[in-house]
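Biologist: I should like to learn how features are read from a structural model. Please begin with the covalent cross-link.

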Amino acid sequence: MPEDTRARQRTGTGVGLLLALVLAAVLLTALPDDDGRRHADACRAHTVGSWSADDRLTAEFARYGDDATRGDDWTGGDGTHSVRLPDGRLLWLFSDTYLGQVHGPPNPVGESFAWRDGSAPLVRNSAVVMRDGRLESTLPAPLFPDPGPNQWRWPVAARVEPRSPGSSERVLRVLLWVRTAGAAPWVYGVPTATEVATLALPDLRVESVTEVLDQRLVRDPSRRVLYGTTLVERGGWTYVFGGDDGQAASRPASHAYLARVPEGGLGDPAAWEYWDGSGWAVRARPAAVLGDGRRTGVGSAFSVVRRGGTYVLFTMAAGTRGLTTVTSYWACSPTGPWHGPAKDFTPTLPAGQVAAYNPQIHTALGDGGRLVLSYDVNWLEPTAAAAQLNRNVSLYRPRFVTLRLKPTA
């Protein structure tokens with residue numbers, strides 16, 4: 001064979017191999033993962049790189065709660081969630097909330113704390129409006145009325161979405177947990193159902209409340225799953241994380257679960273799909289995406305944020321460390337596998353028999369790689385909690401930290 005012919009063959013083979021490698025790389029980039037989305041961003045392990053107290057935000061809630069010119073609004077609460085509204089306002093949602101009047105120190109026992117009277121109203125949920133970084137008003141509370149005797153609604157995650165898929169009209173959807181009064185260990189209520197409330201914009205009027213998932217037929221309350229502790233959007237889907245109440249059954253950690261809804265479908269129970277361990281099912285047969293109930297798992301509420309192709313989950317640590325310490329996990333898909341727990345951090349707590357819980361990322365407040373995370377504080381002994389929270393009103397309010405993530409090997 002002539003040399004020039006062999007040279008052309010070698011050149012053609014090299015070009016063909018190069019084209020094959022390029023095509024393979026393109027195909028690998030374009031292949032959908034188990035959630036049907038394309039790998040547009042690289043997924044890398046992430047952990048907390050640094051954190052610091054956000055005193056400005058913490059002080060703003062103290063200022064608003066202590067304002068003595070108001071006698072019928074928010075003076076303290078937990079279950080802190082937030083959502084940015086189309087007109088720029090930030091709506092803060094709370095679960096159990098104290099209203100009433102706050103009095104300056106000293107309190108009735110001579111301590112240098114602002115305090116409230118023991119007869120101050122306690123409602124099961126509330127919403128506070130912030131504009132340009134300043135809290136300005138409390139909506140009539142409770143915003144979501146009790147669904148029945150000895151039952152109540154706790155609002156969790158929320159998002160603005162189309163009224164229906166493809167609609168140009170926007171509404172606010174708020175996920176609600178329904179709980180029913182129960183005996184120990186269910187002192188904070190027995191998990192009952194997940195609901196979705198639809199609120200009109202911009203006036204925030206509650207239009208309807210729809211039940212999405214009834215859990216009353218699950219005989220073991222510790223295995224009932226409530227959805228909505230955190231939402232993540234990706235590829236036309238809203239991923240809705242939930243959890244069971246394993247910790248109430250004396251397990252060191254609870255399990256995390258996952259559902260998904262097409263954009264605009266949060267208020268339609270028929271649009272919900274649940275991860276069953278191998279795929280998405282329209283009927284709830286949930287399989288945990290995280291947690292072995294011992295060393296790994298989540299607290300009663302947790303938060304997930306997406307950074308590029310990586311999902312990062314923040315929760316209180318398993319076991320007794322979960323009273324003080326926030327930890328994190330990471331994954332390349334909402335369904336996992338989730339890796340961790342990763343680096344912990346222990347935010348500042350006030351003095352006394354208190355615990356931290358419900359770490360929540362507030363995506364509307366972050367910028368340039370900075371994340372804002374809140375955590376709630378409560379008195380550890382439930383029978384003494386009300387008296388302690390009234391004698392020192394600063395206890396039962398959200399606290400904030402600013403943190404940055406960093407990729408790891």
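Modeller: The torsion about the S-S bond of Cys 43 and Cys 332 is about -85°, so this disulfide (a pair of cysteine sulfur atoms within 2.5 Å) is left-handed. The model is predicted: local features need pLDDT of at least 70 and side-chain atom pairs 80 or more, whereas totals for chains, interfaces and linings use all residues. Residues are numbered from 1 along each chain as its sequence is written, and side-chain values use heavy atoms, without hydrogens and water.

Biologist: Which parts does the pair Cys 43 and Cys 332 tie together?

Modeller: Helices (H or I, at least four residues) and strands (E, at least two) are DSSP runs, numbered from the N terminus. Cys 43 lies in the loop between helix 1 (3-30) and strand 1 (46-53), and Cys 332 in the loop between strand 22 (326-331) and strand 23 (354-361), so the linked parts are 289 residues apart in sequence.

Biologist: How is empty space found, and what is the volume of the largest cavity?

Modeller: Rolling a probe the size of a water molecule over the atoms shows where empty space is left. A cavity is a set of points, on a 1 Å grid over the protein atoms alone, where a 1.4 Å probe fits but cannot get out; lining residues have an atom within 4 Å of a point. One cavity of 30 Å³ or more is counted, and the largest has a volume of about 50 Å³. Its lining includes Trp 177, Arg 179 and Asp 244.

Technical notes
1 Å grid on protein atoms, 1.4 Å probe; cavity = no way out; pocket = protein on both sides within 12 Å on 5 of 7 lines; lining within 4 Å. Points joined across faces, edges and corners; volume = space filled by probe spheres on them.
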